[in-house]
Amino acid sequence: MSYYAPDGERWFAYYKTQKELFDFFKNARSKAYAKGYGVIEEGRLSTLDGAKNVEDVIPTTYPDFNELNEYIESFNEYSVKIDSGGSFEKQRLKLSEDKRFLFSFSLASKGLIRIPEYFSEEIAKKYPDMFNSSGKEASDETMVAGVVNPNIVQNFPLPNGKQFFFIKIDNVEYTLRQQQKGTGKMLEINPSANLIEGEDGMFFTDPSTFGNFSLKFSSSFKKSYIELPKKGGKSRYVDLYIPYDMMNSELNLRLTSSIPLLLASQYFQKAGIQTRINIMRPIFTKKTGTSSIFSIPIKDFNDPLDFNKLGVLRGMSNVGKTMTDANAFNVQFSKNEEQKKRSNINTNKAYASDLMYDNEIALQEEFGRYKNWFYEEVKEGRIKSQLVDKSLMLTFSTQGILSADVNNLISNPNGSTSLKVKNNFFEILDTVDLYYNQNLGKVVKRIKERFEENNRNRISNPRSSVKEYMLYLAGKLYRDFIPDSGLYASSQEEIEESSKKYNMLLKRLKVEFEKLGLL
């Protein structure tokens, strides 16, 4: 039995990009100002209030390359330890420069470079406003006192292979320190940051990010991609949703809960199944029955998986808060005329007392309503997106893996957290295999062999038996989480059609269970 009200208010949203989310926010903010409302409420939106562009609050590049690359290498190491069980066979991959394929951040690592700036403490004291009071430099937050215009910097080589940088002001020569762009600003807002000299003589700070601010990187090399094997036949699609929390600040911990979907996406791509990966923020207020879900795709069906984008949108806690803040404001000042008439609209509709990412039943039931809403929005032309069968729009509870470290998963592959990650991965894999695979006997046999191997190795299975597990998957596909009342309920026709599919699948499963002695 669901504990929330089926007729409670729903505030669903889908943004194709973070820029689209931010543009909606700017539009809502303009309307708020016109009506005399302030943007800042209880201090929640202070970061967004002065933002003019999405880049002001959501960076385009993950600020700590070493941290991101370390995570990717750990993820790759963990992924090769998981055997899909044979239905989705691993195949040899090859490198490509075609951006339709899977982006490998580690292959492009040598192309990531530090953007330089030039700094003098003496100039900071004598001429603090000389280079940052006019033109585009006036709006560049990195142009703090002492950072000079790079176009007038002079240099000459030193015997040790490094460079000496200086400028002249009124015929007085000032020595400059070459440092990564943003270093001056970082030391200003975080004086405890360590100033480090790199092997090339350029200085930078550790940490490289503080609050919403990060040092600046650029890339000079072509991106490298992994080309996946091509498969013939009709195109098949799966739409995956990562429910995300805002509990952890470390990249490794914030990305671990997405591992099952990343692994599943890899295997589906190899099997010729196109995948879209979205981040989804599911929130619920128990007292009023109000729920808010919004999502943004990290990877569209034909796009490569860009770990940099994943790191920014899912791995940076301040970015997650920024997106939630912006969506909260969009909810508060909705364009829907009917909603405007309600007097109780406030930001708290999007900030709730309960987060559904750790409650499997609540998450799946509410996600069922979100899927119905999404279908309606696409069919009415309000959202431009490809539709996937609702049974293949998949999410899962992240309970038990929110604070997991991927390196601990590698070192303790049979630990409870690693088993939770694997079980989520296999559940997604088995669900899609059950939907698409015409050879149902092969699906049942594969799962039976996995259960038996786990028993031999004294590893617990997600259900007491293969039969119970597969009936659970059949229920998730066609019966158990279809909303039959309240807002965004499924139509009676759709419910009856899903019931037919469920009963047909049960009959087919019974035949396979009998063959394998599972009844």
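In this predicted model, L195 is partly exposed, with a relative accessible area of 36%. That value falls between the two limits that matter here, since a residue counts as buried under 20% and as exposed over 50%. L195 belongs to strand β9, which covers residues 194–197. Setting aside residues up to four places away in sequence, L195 touches R177, T183, L187, F203, F204 and T205. L195 can also be placed relative to P207: the two are twelve residues apart along the chain, and their C-alpha atoms are separated by 9.2 Å.

One of the partners of L195, F203, is worth a visit of its own. F203 lies in strand β10, made of residues 203–206. Beyond the residues up to four places away in sequence, F203 touches R177, Q178, Q179, Q180, T183, L195, I196 and E197. R177 and T183 therefore appear in the contact list of L195 and again in the contact list of F203. For T183 a distance is available as well: T183 and F203 are 20 residues apart in sequence and 7.9 Å apart in space, C-alpha to C-alpha.

The backbone after β10 deserves a careful look. P207 sits in the loop between β10 and β11, the latter being residues 209–210. The peptide bond leading from D206 to P207 is cis, with omega near 10°. As a reminder, most peptide bonds are trans, and most residues other than glycine have a negative phi. The second part of that reminder is useful for two residues in another loop, the one between β7 (163–169) and β8 (172–180), where D170 is found. D170 is not a glycine, yet it has a positive phi of about 55°. N171 lies in the loop between β7 and β8 too, and its phi, near 65°, is likewise positive in a residue other than glycine. Are these loop residues buried or exposed? D170 is exposed, with a relative accessible area of 65%, and N171, at 77% relative accessibility, also counts as exposed.

A contrasting picture comes from strand β17, residues 290–299. Ten of its ten residues are buried, so β17 is largely enclosed by the rest of the structure. Strand β1, residues 10–14, runs parallel to β17, and five bridges join the two. Within this pairing, F12 stands opposite I293 of β17. A helpful idea when viewing any such strand is that, in a regular one, the side chains alternate between the two faces of the sheet. Strand β15, residues 236–243, is mostly covered, as six of its eight residues are buried. The partner described here for β15 is strand β19, residues 393–394; the two run parallel and are joined by two bridges. In that pair, D239 stands opposite M393 of β19.

Among the helical residues, L310 makes a good example of a buried side chain. L310 is part of helix α8, which spans residues 307–315. Its relative accessible area is 1%, so L310 is buried. Leaving out neighbours within four places in sequence, L310 is in contact with L255, L262, I298 and G315. L310 is also 13 residues from P297 in sequence, with 9.8 Å between them in space, C-alpha to C-alpha.

How do helices α13 and α15 pack? Two packed helices are described by the angle between their axes and the distance between the axes. Helix α13, residues 416–436, packs on helix α15, residues 466–478, at an angle of about 70°, with the axes 10 Å apart. That angle makes α13 roughly perpendicular to α15. On the α13 side, the contact is made by F426, E427, D430, T431, L434 and Y435. On the α15 side, Y469, M470, Y472, L473, A474, K476, L477 and Y478 take part. Sorted by character, the residues of this contact divide into ten nonpolar, one polar and three charged.

Stepping back to the whole chain, the secondary structure comes to 16 helices and 19 strands. Of the 519 residues, 52% count as buried. The accessible surface comes to about 25100 Å², and carbon and sulfur atoms account for 46% of that area. Finally, among contacts between residues at least 6 apart in sequence, 73% join residues at least 24 apart.

Key
Residues are numbered from 1 along each chain as its sequence is written. This is a predicted model: local features need pLDDT of at least 70, side-chain atom pairs count only at pLDDT 80 or more; totals for chains, interfaces and linings use all residues. Side-chain values use heavy atoms; hydrogens and water are left out. Axes are lines fitted to C-alpha atoms, for helices over the stretch in contact, and angles run from 0 to 180 degrees between N-to-C directions. Helices (H or I, at least four residues) and strands (E, at least two) are DSSP runs, numbered from the N terminus. Angles under 35 degrees count as roughly parallel, over 145 as roughly antiparallel, 65 to 115 as roughly perpendicular and the rest as oblique. Contact means heavy atoms within 4.5 Å. Ala, Val, Leu, Ile, Met, Phe, Trp, Tyr, Cys and Pro count as nonpolar, Asp, Glu, Lys and Arg as charged, and the others, Gly among them, as polar. Buried means under 20% relative accessible area, exposed over 50%, partly exposed in between (1.4 Å probe, protein chains only). Two strands pair if DSSP finds at least two bridges between them. Accessible areas come from the Shrake-Rupley method with a 1.4 Å probe; for residues, only the protein chains shown count as cover.
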